[in-house]
Amino acid sequence: MGSPGQLYAVAVGILLLAALGASVPVLVEIARDGLERHRERRTGELGGDADDEASDRTPPDSLEADTAGRTRVTCRRCGAANDAEFTYCRRCTTPL
Ligand SMILES: [Zn+2]
């Protein structure tokens with residue numbers, strides 16, 4: 001065997017190769033998934049995906065704005081606006 005420095009270099013090299021070998025299947029999987037998504041998007045199979053992203057960006061409070069025209073019941077405890085047909089507050093579950 002060589003000097004401690006050479007041993008260290010060999011050990012690091014083996015570890016690097018092991019890490020590379022372990023990460024290759026993951027990288028291949030990611031690349032394959034990305035290609036699949038790209039292909040599906042191009043063929044229009046992911047037409048609803050854009051809607052999902054839009055709904056993710058919408059804050060939960062927008063629910064109140066969507067139903068602003070309906071009869072609301074304001075929670076006595078937390079002040080959240082609930083639909084009139086709700087029995088319990090949707091935010092703190094206090095009976096309305
Ligand atoms: Zn409440």
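Helices (H or I, at least four residues) and strands (E, at least two) are DSSP runs, numbered from the N terminus. What you have in front of you is a predicted model, in which local features need pLDDT of at least 70 and side-chain atom pairs count only at pLDDT 80 or more, while totals for chains, interfaces and linings use all residues. Residues are numbered from 1 along each chain as its sequence is written.

Let's begin with the overall plan. The protein has 3 helices and 2 strands, and they follow the order α-α-α-β-β along the sequence.

Now turn to helix H1, which covers residues 4-43. From first C-alpha to last, its 40 residues reach 58 Å, close to the expected 58 Å (1.5 Å times one less than the number of residues). Follow H1 along and you will meet a kink of about 30° at Ser23, shortly before the proline Pro25; the bend here is the angle between axes fitted to the seven residues ending at a residue and the seven starting there. Just after H1 comes Gly44, with a positive phi of about 80°.

How many of the residues in H1 are buried? The count is 0 among its 40 residues, so H1 is hardly covered by the definition used here (buried means 20 or more other C-beta atoms within 10 Å of a residue's own, exposed 12 or fewer, partly exposed in between, with C-beta atoms placed from the backbone). Across the 96 residues of the protein, buried ones make up 2%.

Finally, look at Ala81 in strand E2 (residues 81-83). Ala81 is partly exposed because 18 other C-beta atoms lie within 10 Å. The C-alpha atoms of Ala81 and Arg91, 10 residues apart along the chain, are separated by 9.0 Å.
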